[in-house]
Every structure is written in structure tokens, then in C-alpha cells.
Amino acid sequence: MLLAMKIKAAITAAALASPIALTIAPVAHPVDSAITEIAAKPFQYRLAGDFSREGKPAEAPLRNVSLPAGIKIMNRQVTAGEYARCADDGGCPKIPHASEMVDRPMVGVSWRDATAYAEWLTNKTGVLHRLPTDEEWVFAAGEKVRDEALPLVDPIDPAQAWIARYEAEANRARPGAFDPQPVGSFGRNENGLQDFGGNVWEWTNTCFLRITLEPTGTARVTNTNCGVRVVQGAHRTYMTDFIRDPRTGGCAAGVPPANLGFRLVVDDEKLSAAYRIVERGFAKLAVGL
């Protein structure tokens, strides 16, 4: 009788202990990129998009803005080795060169590839990882942002505006090396973040907009194209979301980037299964699937 009671007590204790042990077990993070937190503060931001006033090209407004809250962002771009882990796990499309130079930024990725990596990392950690918006990227890049107003053209031939933009960007100082360089090659900014404005341009989640500036100063969106996304680097440009190599085409305006890579923003929230389903649904709509 006493022995049976001891056995029952041992089984009960083990049953109670098991869920607790599972609850507190740490989850290994699949990548080792450090995250930097930047507190919210005012900054200047020139709106992204194609602007017009009274049917003529117009300069995008430069505004003093502030994010609703600070952000947490990778202090460097995602490396080829990190991306290869996602591909090996079946979460990302396999790209042949992902296994080369594993300690260098992953390049040759489309917006869709970068989004797949963010979703894979979100599912692995239970914490939302995503591409930054253009506004968040500019905020994080700080002093590395080149806010150079492009020449305005009053075109009889609309192609003149595109040519003027191309020439202005072509005359800017360019990073000397074309191949992606080791992490840290382009230095840190005042926020401690590495390699902004180097030879790797970074995808953002911001869609390409056409915007009309009214006489009152109001900006009215006339067209939203989420098949084209804002890309940020040595200059801002716009790329079709499935393009991996900008040299093959897909640049919506101006000089194409040398390389396409990305870094992610981290949101401190646990995601429910329902939230993940909704998120995946919006992602499919965004890429037209």
C-alpha cells in the first residue's frame, strides 16, 4: 500500500514537472546577427515615390518626422551563411551562390526571397522579423543617407525626366568595389550600425507610389504599385520585387544598384498562430500569388 502511494506520488510529480520544463526551455536563435535598439527621435525624411504638381514632375517633400516608437534592427546585413541555413531548412529559395563567402552580405536576393527569410526567422523564433519600411531605413541609416534632390525637368518628352535622374545618379560618388565586401568594410554610423550606403542596396517593404501634390500642399496618392519596392543604399531607387540581379533589369528609375541584400527589423511581440496565417495571406496578396 505504502509502495503504491509512493509510485503514484512520483508519477504525479513527473507529470507536473514536464510542462514546466518545456515552458522554460530556451529557444536557440537560428542566426547570430546582433540587434541594435534605437530610441525614437525627430529626423528629416524625404517621401519616397514619383511626385507631380499640375501634371509636371515635382520634388518630393522633405519633412520633419518622428517614428511612433524606437526600432530594433540588425546592425549589419544578413550574411550568405545565414541565408543558406534558411534555404537548407526549406524556408527560402535556394540560390547557388548563397554558400559562397558565408561571412559576407547575402546578395542576389529579390524582395520575395528576403520576405521568405523574414517569415522563416519569425517562425523559428516566435518573434516578428520583417523588412523595414523606407522611413525606418532612413531613420536607422542616419548620417549615411544621401538626401540629394534630383534635377527637375519640364518635359515635352517624358523620357527627359528619367534621363535627368539617371545622369544625376551616375555622377554621384560610387563605392569602389563591386563585389560584396566583408562585414564592416563601409564603417559604422552614429547609431553603431554597419555598412549603410556601401555597395549593397537593401530591400524595404515600402511600395512604389505615384503622388500628386495639390496647391494646398496635400499629397494625394494616385497609384500604388506593390510589385515595385523601394530599395535603399548609396541612393534610393525602386526595383521590381522578383529581381535578384539589378544588372539584368527591373530598375524602375535611375541607375541600378550594384547588389541587392537586406537587413531586418525585429518587433518585440509573440505571434499567435492566427496572426501568422493573416500575415502569410497578406504576403501572398502582395506578390500576386
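In the predicted model, Phe-208 lies opposite Asn-225 of strand β9. This facing pair belongs to the antiparallel pairing of β8 with β9 (residues 219–232), which extends over 9 bridges. The two strands form a hairpin, and 5 residues separate them. Within the turn of this hairpin, Gly-217 adopts a positive phi of about 95 degrees. Strand β9 also pairs with strand β10 (residues 237–240), again in the antiparallel sense, through 4 bridges. Here Val-228 is placed opposite Thr-240 of β10, and the hairpin made by β9 and β10 has 4 residues between its strands.

Strand β8 (201–213) also contributes to the largest nonpolar core, being one of the elements that supply two or more residues to this core, together with α2 (80–88) and α3 (111–125). The core comprises 27 residues. The greatest contribution comes from α3, which provides 6 residues. The members that touch the most other members are Tyr-83, Tyr-117, Leu-131, Trp-203, Leu-260, Phe-262 and Leu-264. For Leu-131, contacts beyond four places in sequence involve Trp-111, Ala-114 and Thr-115, then Trp-203, Thr-204 and Asn-205, and finally Phe-262, Arg-263 and Leu-264. A second core, separate from this one, contains 26 residues, among them Ile-38, Ala-58, Val-65 and Ile-73.

The helix α2 is mostly covered, with 7 of its 9 residues buried. These buried positions are Ala-80, Gly-81, Glu-82, Tyr-83, Ala-84, Cys-86 and Ala-87. The buried residues of α2 pack against α3. After α2 comes Gly-90, with a positive phi near 85 degrees.

Between β6 (71–74) and α2 runs a loop in which Asn-75 is located. Asn-75 has a relative accessible area of 11% and is therefore counted as buried, the cut-off being under 20%. Beyond its neighbours within four places in sequence, Asn-75 makes contact with Ala-34 and Thr-36, with Gly-192, Leu-193 and Gln-194, and with Arg-263. Arg-263 is also listed among the contacts of Leu-131.

Helix α4 (residues 134–141) is likewise mostly covered, since 7 of its 8 residues are buried. The buried set consists of Asp-134, Glu-136, Trp-137, Val-138, Phe-139, Ala-140 and Ala-141. A positive phi of about 55 degrees is found at Gly-142, just after α4.

Confidence varies along the protein chain. The mean pLDDT is 77, and 67% of the residues reach 70 or more. The highest confidence belongs to α3, at 97, whereas the lowest is that of helix α1 (residues 2–24), with a mean of 37. Over residues 1–30 the pLDDT stays under 50, and the model has 9 contacts beyond four places in sequence for this stretch. A further segment in which pLDDT stays under 50 covers residues 150–156, for which the model has 16 such contacts beyond four places in sequence.

Definitions and conventions: Residues are numbered from 1 along each chain as its sequence is written. This is a predicted model: local features need pLDDT of at least 70, side-chain atom pairs count only at pLDDT 80 or more; totals for chains, interfaces and linings use all residues. Side-chain values use heavy atoms; hydrogens and water are left out. A nonpolar core is a set of buried Ala, Val, Leu, Ile, Met, Phe, Trp, Tyr and Cys residues joined through side-chain atoms within 4.5 Å. Buried means under 20% relative accessible area, exposed over 50%, partly exposed in between (1.4 Å probe, protein chains only). Contact means heavy atoms within 4.5 Å. Two strands pair if DSSP finds at least two bridges between them. pLDDT is the predictor's confidence in each residue, from 0 to 100.
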